[in-house]
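Hi,

Here is the structure I promised to pass on. Have a look at it first, then read my notes underneath.

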2 protein chains.
Amino acid sequence: MEHTYAVIMAGGGGTRLWPVSRKNKPKQLFPLLGEETLFQSTVTRLEGLFPPERILVVTVAEQARDMREQAPSIPDENYLIEPAPRGTASVIGLAAAILQQRDPQALMAILPADHHIRNRDLFHYLMCAAVDVAETDYLVTLGISPTYPSTAYGYIQQGAPLDGKSSYPVYNVQRFKEKPDEKTAQQMIRTADHSWNSGMFVWKTERILAEFARQMPELDSVLKRIAAADAGARAEMITSLWPTLKVETIDYGVMENAERVAVMPASGLGWSDVGSWDSLFEVLLPDMNGNISINSQHLALETHNTLVYGEGNERLIVTIGMDDLVIVDTGDVLLVCKSDQSQQVRDVVAHLKKHRQERYL
Amino acid sequence: MEHTYAVIMAGGGGTRLWPVSRKNKPKQLFPLLGEETLFQSTVTRLEGLFPPERILVVTVAEQARDMREQAPSIPDENYLIEPAPRGTASVIGLAAAILQQRDPQALMAILPADHHIRNRDLFHYLMCAAVDVAETDYLVTLGISPTYPSTAYGYIQQGAPLDGKSSYPVYNVQRFKEKPDEKTAQQMIRTADHSWNSGMFVWKTERILAEFARQMPELDSVLKRIAAADAGARAEMITSLWPTLKVETIDYGVMENAERVAVMPASGLGWSDVGSWDSLFEVLLPDMNGNISINSQHLALETHNTLVYGEGNERLIVTIGMDDLVIVDTGDVLLVCKSDQSQQVRDVVAHLKKHRQERYL
């Protein structure tokens, strides 16, 4: 694994976990699942697999300071700063260009900073297996068995098995379909050969750079100029070139039309993108009444299936006669909502934007 | 009305409006119904009826400072301090003894500090009518038509009308029954001649002192010693004698066996003892969705019949998909409960006491 690097994509925003997740401090910086932040968990999950000097973090300036504090083992120069987020294609392109210069034989494992993985041993095993496949010039994706017809995920349709590449099952990808409409999603989950794209990828840097050259020539030329610059001038060059880039995801920009894509079934990971408050009920272990208390003192009377998230202070949160509730208590906002309506925090954020209540965003 | 005095009983504790109402800062000191505190509303309700110099406040030392700040018009010497609460009999006894010395023709109107009265005009009218009746040596009570078989109130059974005493209806009291069991309460509310005791009384000080002498001789002797002391030595005497008193309410100690008791029907007052969080739904005017927001910024999505009480700060309280809820947000405690279970805050307080979590009491 000496030429293998982990690239943590950590610049994302996202409002689905508002009011904890904020414009300048998104969800990966908070201990949503307990003591560690999602970003810290992503880093500690790599222990024994990648030494800190082979972990890169791509983020934005607003978040970099918090991240350096949360993961001091990662060397300063391994933080790559985007002047502004331009989508995951640019994130991966930037990391690939810089890694390729550092180590022409580099393989990279792309890992989102804000996901949860319960089964760390299997994650390690899968990473090693994915590296074996990526060594043979495949773009390797990790697929999750769909549990409902989501229109928010990308879908991967598997083809024939790739024999002899790995002792773990791995398949050729027949089709890569990002964010389908609901009807299409329903059709896809009825067949057994579709999985969700987990957003984790493993590939050689030269392979993904070749795909950028073929499919995203504008990004490719920017990346080539950045790679050619000497280290001292690089930051300035990124700052000047970044705003010219089209905002694009790796999924639309590359994966839908990429060649030699493989998928490894990864449902056993206990993966979650922690995409809404009620997703925490699947990720964490509730008590005997179905309640979950994170960072808070919760006194529950006749209360069931209720999630309480606090700020780790000495505030006492008391519930009486409540069922199926999510309570999120931050310094300036209190959210109380029905679990199955927790996605509606997006409507709240939209309302606050419309009414220019910036302080709560 | 020149010999008539208002005596505000303001030393009470009470846990039914926890977490706002606390051991050393009970509910009358908070703006539970909006801008004014319950105590302030009790004082402003007297404007045009009693000048400040004829308003006495009986309270305990812990609350006196807050009260003086909240009602600066009342002269300092009109605050009577109990060293510790010994029940309403002692409160009324102390005020009566001191008033009797100040003005031998005094009449006193006893008014709890933590009740709400919607109809101020009728309150003024009733007070004047009650004074007319009290002038004829009656102990006058104000009665409220029962709406359910409460076991927490005292019940007054009315007898024959007292003709010629007042242009407002007034009846002889046949029986005074404090806190009945539920079966008895059910029997009493089936008849039309029972009302709840509102806790408001009007009488001559010499009449109530005579009842103390007859029914509570120990209290009577303490009161006589306090009245005989000169003003400078009085506070010290109260401090030394008060702990010897039996804790007793005026209802059990005097009213159940008092002579010449009258009752005036007072339901039209829009009275409430603000005895639980859900009682606020009756006292305040909800919006078109049935929601009530007090001292808080409430952003309600698909939310109905929900009460939100805050601390008047800039915290934003968001609810999504909630019905029939009470949310109370104080600095150190957050309460979220079903409206019809809001009485169970007493269980919470009991739990906290048992587990010695004094800070939240």
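Below is what I found, starting with the sheets and ending with a serine in a loop.

One thing up front: this is a predicted model, so please read everything here in that light.

**The sheets**

Start with the open sheet of six strands that runs in the order 13(A)-15(A)-17(B)-16(B)-14(B)-12(B). Both chains contribute strands to that order, and the pairing is mixed. At the edges sit strand 13 (297-301) of chain A and strand 12 (292-294) of chain B, each of them paired on one side only. Ignoring direction, neighbouring strands here are turned by 10° against each other on average.

Helix 11 (residues 345-354) of chain B packs on this sheet. The helix touches strands 13 and 15 (316-320) of chain A as well as strand 17 (333-338) of chain B, and its direction makes about 130° with that of strand 13 of chain A.

Where do the chains meet within this sheet? Strand 15 of chain A pairs with strand 17 of chain B, in the parallel sense and over five bridges. One partnership to click on is Ile320(A), whose bridge partner in strand 17 of chain B is Cys337(B). Over at the chain B edge, strand 12 runs parallel to strand 14 (residues 304-309) of chain B, and three bridges join them. There, Ile292(B) has Leu307(B) as its bridge partner.

Then there is an open sheet of six strands in the order 12(A)-14(A)-16(A)-17(A)-15(B)-13(B), with mixed pairing. Its edge strands are strand 12 (292-294) of chain A and strand 13 (297-301) of chain B, each pairing on one side only. The twist averages 10° from one strand to the next.

In this sheet, strand 17 of chain A and strand 15 (residues 316-320) of chain B pair in the parallel sense, over five bridges. Val336(A) stands opposite Thr319(B) of strand 15 of chain B. Helix 11 of chain A lies across strand 17 of chain A plus strands 13 and 15 of chain B, at about 130° to strand 13 of chain B.

**The interface**

How many residues does each chain bring to the contact? Chain A gives 36 residues and chain B gives 36 residues. Between them they bury about 2,900 Å², with 58% of that area coming from carbon and sulfur atoms. On the chain A side, Arg315(A), Ile320(A) and Leu334(A) supply 22% of the area that chain A buries against chain B, more than any other three residues.

For the polar side of things, there are four salt bridges between the chains. In one of them, Arg315(A) meets Asp329(B), with the closest N and O atoms 2.4 Å apart. The rule also finds 26 residue pairs in polar contact across the interface.

Which element gives the most to the side of chain A that touches chain B? That is strand 17 of chain A, with six residues. By class, this side has 19 nonpolar, nine polar and eight charged residues.

**A serine in a loop**

Finally, take a look at Ser296(A), in the loop between strands 12 and 13 of chain A. A polar atom of its side chain lies 3.5 Å from the backbone oxygen of Val308(A). Setting aside neighbours within four places in sequence, Ser296(A) is in contact with Val308(A), Tyr309(A), Gly310(A) and Ile317(A).

Cheers

Technical notes:
Residues numbered from 1 in each chain as written. Chains lettered and ligands numbered in written order. Predicted model: local features only at pLDDT ≥ 70, side-chain atom pairs only at ≥ 80, totals over all residues. Heavy atoms only, no water. Pairing = 2+ DSSP bridges. Helix = DSSP H or I, 4+ residues; strand = E, 2+ residues; numbered from the N terminus. Axes fitted to C-alpha atoms, helices over the stretch in contact; angles between N-to-C directions. Contact = heavy atoms within 4.5 Å. Buried area = accessible area lost by both parts, 1.4 Å probe. Salt bridge = Lys/Arg side-chain N within 4 Å of Asp/Glu carboxyl O. Polar contact = N/O pair within 3.5 Å; in protein donor to acceptor, adjacent residues only side chain to side chain. Nonpolar A, V, L, I, M, F, W, Y, C, P; charged D, E, K, R; others polar.
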